Amino acid sequence: MFGRLVRESFVRNPRRKVLVAAALVVGMAVATSTLTIALEVGDRLAREFRSLGANLLVTPQADTLPIEIGGVDYRPVNEGAYLSETDLGKLKTIFWRHNILGFTPFLDVPATIQQSENSDPILAMIVGTWYAQNVSVPDGTSFKTGLSVTHPWWKVQGRWFHDDANECVIGSALAATMPGVTAGKVIYVTSRSPGDSAQGQPGTTQAIALKVVGIVSTDDAEDKALLVPLAIAQKLSGHPGQFRQLFVSALTKPADTFSERDPLKMTPTEYDRWFCSPYISSISFQIKTVLPGTDVRTIRRVADTEGRILSRVGTLLWIVTLAALGAAALAVAATSATTVLERRAEIGVMKALGATNSLIAGIFLAEQLLLAVAGGAIGFVVGAALARSLGASVFGTPASPRLILFPVILGIAAIVAFVGSLIPLRRASHFNPAPILRGE
Amino acid sequence: MATLVQVENLRKEFGNVCALAGVSFRVEAGEWIAIMGPSGSGKTTLINILGGLDMPTSGQAIVDAIDVGRLDESGLTRFRAQKIGFIFQQFHLVPYLTALENVMLAQYFHSSTDEKEAREALERVGLGDRVEHLPGKLSGGEQQRVAVARALINHPKLILADEPTGNLDEANEETVIQLFHELHREGHTILMVTHAPSIGRLADRRIAFAHGRLVEVPASLKTSL
Ligand SMILES: Nc1ncnc2c1ncn2[C@@H]1O[C@H](COP(=O)(O)OP(=O)(O)OP(=O)(O)O)[C@@H](O)[C@H]1O
Ligand SMILES: [Mg+2]
């Protein structure tokens, strides 16, 4: 009987049902598309974070005005200051240590490369760095870091060098100019800074034999360089235990107006809040305290602003979704209020015959639920299509539909239909059958 | 005979309109009572209170040992489903349900549906060949017979009929009154509001109202035929 009542009440007044369903379709379509895009935004942000790699660059303070042309540092090697390798473990002791995902020191040495002891020397930059180095942290633990963490997008053909071996990885552009050099070949490198020993310690003038183990493409200046373990570059340049630049990969919170304020002008509570938020500015500040005499700069600012825009888009989408759902609920409320009024007589008769309020509410709710399922399903399809085209115009690639949203949308549709019917149903349950039966 | 209905000093006010101004009477089980009186004298108000559709302002209305005035809303709902069979002047069938379904609806609200029993009830009011008809396809008399079948289906203690023939032509009135005769003979307790003296005379007893009070039954109605 219940099914029969619901069915009968469902097929009656199809125009109004279409209206309710249409309101639900529109609401759910908007919800589907905005949720799809919001998920896309989230994914993109996460991907952005993952591919972000290093986002901070630490350099000695004296070294802030580089003379770099085409990726080549034209200053004499010893002109700038150096940083000490032994301090690096302290990075894992700052307040936001867990947000420090990795760091990689770099030391550039101008050098010559020879394919054999007697062949013509080629001028090239040697870049000493870590691939996956164990760093001991003052708290007694150790931490593995290097290019593998901070520069995940650098692709190597062959393999990376071992940090403690006489191995090297050659930049793809440099490899192109040295046809004979392939993985497995041994080459010889010599420091090209004979006259600089006035200020620094003299680098070794001995050629070091290194085995090429891979060819790297970085889409960066390193494509023209030879990448070697840091220790070897230190030996070549005569700066043991030192490096010039440090790339740090830190998980940060997108900057906002608060993070851009001057910490020195904050009240103590504001300062605490700032210090305890993983803003780039607060993490930079904390890095500077453990590595004194350094400058910390943000790199890949583009990603940062993009992240900010995306999170704002996300907020906007939530507002639009809520507004659409609210409008749908209002439409449902308006139509079901009319329905309830129109069917007052029938409700009165059923009550006189002993129908309980919950039974009458159940009939209406079941009907609304059917409408919600229909409207939600259609709305999902429409919304998925909408997300495709919207995604295409917002991100350049269409946002793919997410089936996981389907039950969510149906649930939301049911809630909207339910909430929309609540007030009319309350009214129906307060109907007094006596006046209805006398025809008032 | 046991007393089924006991009304004690019953009052009902709507704002400052006094629909019932202290009414007392009893109805024994199995009696057929005609309630008579001019328009606005409180007949429907009394029926509604006895049927649990309205609450008295003061006084008591006891039906089958239940003080209707003390029931809460869900109690009233259960009371209506279990104890009362209503028959209205306007039939009040659910328009989109067939005759059979209208009868089964009352079963459903009472406990559970039983199609066979519902069919038998319709056969008994002479509508065995109309079970699948919608109310709109039935004549007034047929609709009222469906309503009678619906009122009887749950074996109510008390049948309350508010001008059941008020909307019927003479021929249909005759059929419906015939049904009431049969119900009475089977031992049902019936309270029936009517304006027609000819119908009032058929009942065991007549209760006359005027301005919300019981009055002396007019001499013209005293003798049953
Ligand atoms: N819900 C209500 N609100 C206000 N006044 C009401 C209400 N119901 C009934 N009344 C009033 O109570 C009085 C009795 O009404 P009731 O319907 O009981 O009369 P009745 O005897 O059934 O009349 P009729 O023969 O015309 O059906 C009337 O004056 C009526 O206007
Ligand atoms: Mg009346």
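This note sets out numbered points on a predicted model with chains A and B.

1. The interface. Chain B contributes 22 residues to the contact and chain A contributes 24 residues. About 2200 Å² is buried between the two chains, and carbon and sulfur atoms give 66% of that area. On the side of chain B, B:Tyr96, B:Tyr108 and B:Phe109 supply 33% of the area that this chain buries against chain A, more than any other three residues.

2. Charge pairing across the interface. The rule finds one salt bridge between chain B and chain A. The side chains of B:Glu101 and A:Arg4 meet in a salt bridge, with an N to O distance of 2.2 Å. A reader who inspects the contact may wish to view this pair together with the aromatic residues B:Tyr96, B:Tyr108 and B:Phe109 named above.

3. A covered strand in chain B. Strand E3 of chain B, residues 32-36, is mostly covered, with five of its five residues buried. B:Trp32, B:Ala34 and B:Met36 point one way from the strand, while B:Ile33 and B:Ile35 point the other way. Residues on both faces of E3(B) are buried.

4. The neighbours of that strand. E3(B) runs parallel to strand E8 of chain B, residues 189-193, and four bridges join the two. Within this pairing, B:Ile35 has B:Val193 as its bridge partner. Four bridges also join E3(B) to strand E9 of chain B, residues 205-210, again in the parallel sense. Here B:Ala34 has B:Arg206 as its bridge partner.

5. The loop after E9. B:His211 lies in the loop between E9 and strand E10 (213-215) of chain B. Is this histidine buried or exposed? B:His211 has a relative accessible area of 71%, and it is therefore exposed, since exposed means over 50%. The C-alpha atom of B:His211 is separated by 7.0 Å from that of B:Gly42, although the two residues are 169 residues apart along the chain.

6. Antiparallel pairing in chain B. Strand E1 of chain B, residues 3-14, pairs with strand E4, residues 58-63, in the antiparallel sense over five bridges. The bridge partner of B:Glu8 in E4(B) is B:Gln60. E4(B) also pairs with strand E5 of chain B, residues 66-67, in the antiparallel sense, over two bridges. In that pairing B:Ile62 is matched with B:Asp67 as its bridge partner.

7. The hairpin turn. E4(B) and E5(B) form a hairpin with two residues between them. One feature of the turn is B:Asp64, which has a positive phi of about 50°.

8. A covered helix in chain A. Helix H5 of chain A, residues 230-237, is mostly covered, as six of its eight residues are buried. The buried residues are A:Leu230, A:Ile232, A:Ala233, A:Gln234, A:Leu236 and A:Ser237. The helix is followed by A:Gly238, whose phi is positive, near 75°.

9. A nonpolar surface patch in chain A. A:Ile415, A:Phe418, A:Val419, A:Leu422 and A:Ile423 form a nonpolar patch on the surface, with about 480 Å² of accessible area together. One of these residues, A:Val419, lies in helix H11 of chain A, residues 405-429. An α-helix has 3.6 residues a turn, so residues three or four places apart point the same way. Why does A:Val419 count as partly exposed? Its relative accessibility is 45%, which falls between the limits of 20% and 50% that bound this class.

Note on methods. Residues are numbered from 1 along each chain as its sequence is written. Chains are lettered from A and ligands numbered from 1 in the order in which they are written. This is a predicted model: local features need pLDDT of at least 70, side-chain atom pairs count only at pLDDT 80 or more; totals for chains, interfaces and linings use all residues. Side-chain values use heavy atoms; hydrogens and water are left out. Buried means under 20% relative accessible area, exposed over 50%, partly exposed in between (1.4 Å probe, protein chains only). Two strands pair if DSSP finds at least two bridges between them. Patches are made of residues with over 30% relative accessible area and no salt bridge: like charges are joined within 9 Å, nonpolar side chains (Val, Leu, Ile, Met, Phe, Trp, Tyr) within 5 Å. Accessible areas come from the Shrake-Rupley method with a 1.4 Å probe; for residues, only the protein chains shown count as cover. A salt bridge is a side-chain nitrogen of Lys or Arg within 4 Å of a carboxyl oxygen of Asp or Glu. Contact means heavy atoms within 4.5 Å. Buried area is the accessible area (1.4 Å probe) that two parts lose on being put together, summed over both.
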